[in-house]
Amino acid sequence: MGNKLPLAVLFLGILGMVLVAAVSAYSPEPVALKYPESWPTPTYDFTKNPLTKQGIELGRRLFYDPILSKDSTISCSSCHLSYTAFTHVDHDLSHGIADRIGTRNSPVLMNLAWVSSFMWDGAVNHLDMQALAPISSPVEMDETIENVVKKVQRSSPYPSLFYHAFGDSTVTGEHLLKAMAQFELTLVSANSKYDQVKRGEAAFTGQENNGYMLFQKNCARCHAEPFFTNHDFEKNGLPLDTTLHDFGRMVITQLPTDSLKFKVPTLRNIEFSYPYMHDGRFRKLGDVMKHYTQSSQLNIELSSNEKVDLTAFLLTLTDKEFLFNPDFAFPRN
């Protein structure tokens, strides 16, 4: 054989080079969550799911992919549109596959690193698990996570994307859900006019400032700054709906005291997130104002001019940088 290498040695050498190349290809790039220094520390535990460029990109792709639904017609973005504060505005209740109608209005998605309970009734207590709810809902995606994993595994280029995000080309439910959570965690809204005023970069008009004072007096207990929600469940004087008979938080806790309590939604980007309430019963902010001032349970009094001023302040919570951020939109590549 002269100086020729034995075939076994040659094979092992080639295999070693392949393994080295594969290992070197897995180099996830860490990403730090960007948010104002004045905000509290996020409640999400990033040590168990660190943000990486590759993980976020994978999660974004999955968020916009209808492969998650049973008939591949509905994606997460079908109900959570980036330019409407990650909710939908064309109907009051969420729609699923085969034109099935859901039971609630889709919540907005933003500033989720500070949220520890999800859904209008708090049925899910961790962001990593949240996507399981719409995936398995018979009136939304009507699929199982097992089938989703199989479909994604067979779909190019997902195995490669999972490898670059997690070091393993085998798709798992855990990695799929964590990737989606990574993308959703980046949806931080913190650059509205309100935020600019707080940073000393802008100033309220007289009308907006008056509205801000009215807000602090009448609304801030439930819609606390800086997130404009207290992340809790409250009754807001809404009567029981006559068709769905949705009792809210009580469905989960079975406590009579939780009857008609629903998760307090953020008011950030409220200009773009209509219709309002858990069942989407109000399409205009004026309708919301009318409810709050006419409810005997709330005792809120606002004149016509004060309603206008309060609305002017609420419009300062619009964050167009967030709404039209290309990093949050449908992936083009």
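Here are a few exercises on this structure, which is a predicted model, each with a worked solution.

**Exercise 1: a helix with a buried face**

Find out which residues of helix α11 are buried, and how they are arranged around its axis.

*Solution.* Start by locating the helix: α11 covers residues 285–294. Next, pick out the buried residues, which are Leu285, Val288, Met289 and His291. Now look down the axis of α11: the buried residues fall within an arc of 160°, so they line one face of the helix. The general rule helps here: an α-helix has 3.6 residues a turn, so residues three or four places apart point the same way. Finally, check what this face packs against: the partner of the buried residues of α11 is α12 (304–315).

**Exercise 2: Gln130, buried or exposed?**

Decide whether Gln130 is buried or exposed, and list its contacts beyond its neighbours within four places in sequence.

*Solution.* First, place the residue: Gln130 sits in helix α3, which spans residues 127–130. Then take its relative accessibility, 17%. The cut-off for buried is under 20%, so Gln130 counts as buried. Last, set aside the neighbours within four places in sequence, and you're left with contacts to Phe118, Met119 and Val124.

**Exercise 3: a nonpolar patch**

Work out which residues join Phe247 in a nonpolar surface patch, and where Phe247 is found.

*Solution.* Begin with the patch: Phe247 shares it with Val251 and Ile252, and together they have about 230 Å² of accessible area. Then zoom in on Phe247, found in the loop between β1 (233–234) and α10 (250–253). Its relative accessibility is 30%, so Phe247 counts as partly exposed.

**Exercise 4: unusual backbone angles**

Track down two cis peptide bonds and two residues with positive phi, and say where they lie.

*Solution.* Keep the background in mind: most residues other than glycine have a negative phi, and most peptide bonds are trans.

- Step one: Ser156 and Pro157 are joined by a cis peptide bond with omega about 10°. Pro157 is in the loop between α5 (145–154) and α6 (158–166).
- Step two: Tyr274 and Pro275 are also linked in cis, with omega about -5°. For Pro275, look in the loop between β2 (262–263) and α11.
- Step three: Phe86 has a positive phi, near 60°. Phe86 lies in the loop between α2 (53–63) and α3, and it's buried, with a relative accessible area of 0%.
- Step four: Asn111 has a positive phi too, about 55°. Asn111 lies in the loop between α2 and α3, and with a relative accessible area of 3% it is buried.

Key:
Residues are numbered from 1 along each chain as its sequence is written. This is a predicted model: local features need pLDDT of at least 70, side-chain atom pairs count only at pLDDT 80 or more; totals for chains, interfaces and linings use all residues. Side-chain values use heavy atoms; hydrogens and water are left out. Patches are made of residues with over 30% relative accessible area and no salt bridge: like charges are joined within 9 Å, nonpolar side chains (Val, Leu, Ile, Met, Phe, Trp, Tyr) within 5 Å. Accessible areas come from the Shrake-Rupley method with a 1.4 Å probe; for residues, only the protein chains shown count as cover. A salt bridge is a side-chain nitrogen of Lys or Arg within 4 Å of a carboxyl oxygen of Asp or Glu. Helices (H or I, at least four residues) and strands (E, at least two) are DSSP runs, numbered from the N terminus. Buried means under 20% relative accessible area, exposed over 50%, partly exposed in between (1.4 Å probe, protein chains only). The arc is that of the directions from the helix axis to the C-beta atoms. Contact means heavy atoms within 4.5 Å.
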